[in-house]
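This report accompanies a protein structure and is written for a reader who is new to such models. Please look over the sequence and the structure before reading on.

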Amino acid sequence: MLLIKAGYVIDPRSGSEGVRDILIDKGKIVRMEAGISETFTEEKEVQVIDAEGKIVAPGLVDVHVHFRDPGFEYKEDIFSGAKAAAKGGFTTVVLMANTKPPVDCAEILRYVLDKGKETGIHVESCGNITVGMKGQKLTDMEELQKAGAVGFTDDGIPLLKEEVVKAAMTEAARLNRPLSFHEENPAFIRNNGVNKGKASAYYGIEGSDRQAEIDMVRRDLALAEGTGADISIQHISTKEAVELVRQAKKRNPHIHAEATPHHFTLTEEAVIGHGTLAKMNPPLREEADRLAIIEGLRDGTIDMIATDHAPHSTEEKQRGITEAPSGIIGLETSLSLGIRELVDKGYLTMAELLSRMTWQPAVFYHLDAGYLAEGGPADIVIFAREEIWAADSFRSKSGNSPFKGMKLPGTVHYTICGGKIVYQGGREE
């Protein structure tokens, strides 16, 4: 048994918060109230965690991560990715399917899920929408669903054929599984990963025009109407796309969106300052876009915060701005950036931040996660909101982050998954 004492418990599902104890047995929360005694008539051995002065919340849920396995294990694998997740306070992750080979059949999906079961956290995975991620033919989505796919995406590559998108929406609605869309029209892009504007001018390249995202978001929101399909606009980056989602949600309750910590924290100025370490798809935009994303998170237009954790090797990121791959890691800094940029600056309450990092993404993917309740899963993060840690090293195999070396608030002390401690840390300065 495990007893968490005197922590400030926040449950986003019920909206309740306050100082109380949590008793865990056999992977479940069995009691949650103030003043639980450490003495039990059952005479079971009890491990006690003193959480006084710390926040106790549901284990974080990240529904957009790349663990690069199979095919690119030198960047990350399922085991190293899970270790990074646990250090960041995450107990559930949903993997994207753009591996090599891609997750377009049950055999590859079973490989991923079986390996995930050995990690200590909950590793879920999407299946691909199209065979080979070629955008031409739908996968056997029903077969993938039966094999354990929690959703479908070709993240990394946009779906250009409207008839394929419409067919995917119809099938996803029938299977009651969500779809997540990477919205970048290549017709508006010459050099991806860098915003067309100040950053592209600095490097003397053409860059990625904001219309690349706007065009496809507008199309897919229109296609989704009447299908009943739950869809998510992934890693939203422009103020126009935020407004399109805002208006679409008024007509269609099945519309959702996610924002990354880097898009609500940084602008294209970071690409000038950090080079390829701040190159990602879609790229960092302008200050007006960053503020629009924050407002979207504040007013509920954007439901989810997801990292788009995208590891690359040091050698790859040391290439030139047009040759280096896009993407940054994010699992170990996500909670801290949310605290610093959204809570400490007054945009969200801590409960609202946690909801967008736990309960709301879990609901979108139909996961039994993201809440604290008696009888519920003992997936928990314990962190000190104001305690500072230094992002000097990562559990990820990769270190491609513009936040490396920063001192950040929100030290994770414990990550508990299924009632077992999967990460135990402390003050790191």
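The sections below describe two sheets, a helix and a loop residue, the cysteines and the salt bridges.

## Basis of the report

The structure is a predicted model. Residue numbers start from 1 along each chain, following the sequence as it is written.

## The sheet of three strands

Three strands form an open sheet in the order β6-β7-β8, and their pairing is parallel. The edges are taken by β6 (60-65) and β8 (122-125); each has a single partner strand, so one side of each is left without a neighbour in the sheet. On average, neighbouring strands of this sheet are turned by 20° against each other, direction ignored.

Strand β7, which covers residues 90-95, runs parallel to β8 and is joined to β8 by 4 bridges. One residue pair illustrates the pairing: T92 has H122 in β8 as its bridge partner. Across β7 and β8 lies helix α2, made of residues 106-116. The direction of α2 makes an angle of about 170° with β8.

## The sheet of five strands

A further open sheet contains 5 strands, ordered β9-β10-β11-β12-β13, again with parallel pairing. Its edge strands are β9 (152-153) and β13 (304-305), and each of these pairs on one side only.

Within this sheet, strand β11 (residues 231-233) pairs with strand β12 (residues 255-259) in the parallel sense, over 3 bridges. The bridge partner of I233 in β12 is A257. Helix α7, residues 239-251, packs on the sheet and touches β11 and β12. The directions of α7 and β12 make an angle of about 150°.

## A buried helix and a buried loop residue

Helix α12 spans residues 334-343, and 9 of its 10 residues are buried, so the helix is largely enclosed by the rest of the structure. The buried residues of α12 are S334, L335, S336, L337, G338, I339, E341, L342 and V343.

Is a residue in a loop, such as T276, buried or exposed? T276 lies in the loop between α9 (269-274) and α10 (287-299). With a relative accessibility of 11%, T276 counts as buried. Leaving aside residues up to four places away in sequence, T276 touches K317, R319, G320, I321 and A324.

## The cysteines

A disulfide is a covalent bond between the sulfur atoms of two cysteines. How many disulfides does a search of the whole structure find? The search finds 0.

Distances between sulfur atoms account for two of the cysteines. For C105, the closest cysteine sulfur belongs to C126 and is 15 Å away, which is too far for a bond. For C417, the closest cysteine sulfur is also in C126, at 18 Å, again too far for a bond. A pair of cysteine sulfur atoms must lie within 2.5 Å to count as a disulfide. As to their surroundings, C105 counts as partly exposed at 24% relative accessibility, whereas C417 counts as buried at 6%.

## The salt bridges

Side chains of opposite charge can pair when their charged atoms come close. In this model, a search of the whole structure finds 25 salt bridges. One of them joins the side chains of D114 and K117, with 3.9 Å from N to O. D114 is partly exposed, with a relative accessible area of 42%, while K117 counts as exposed at 68% relative accessibility.

Why can E171 and R174 be described as about one helical turn apart? The two residues are 3 residues apart in helix α4 (residues 162-175), and this spacing separates them by about one helical turn. E171 and R174 form a salt bridge in which the closest N and O atoms are 2.8 Å apart. Another salt bridge links R298 and E295, with 2.6 Å between the closest N and O atoms. R298 and E295 are 3 residues apart in helix α10, and are therefore separated by about one helical turn. R298 counts as partly exposed at 40% relative accessibility, and E295 counts as partly exposed at 31%. In addition, salt bridges that share partners join E287, R290, R340, E341 and K345 into one network. Of these residues, E341 is also one of the buried residues of α12.

Conventions: Predicted model: local features only at pLDDT ≥ 70, side-chain atom pairs only at ≥ 80, totals over all residues. Heavy atoms only, no water. Pairing = 2+ DSSP bridges. Axes fitted to C-alpha atoms, helices over the stretch in contact; angles between N-to-C directions. Contact = heavy atoms within 4.5 Å. Buried < 20%, exposed > 50% of the residue type's maximum accessible area, 1.4 Å probe, protein only. Salt bridge = Lys/Arg side-chain N within 4 Å of Asp/Glu carboxyl O.
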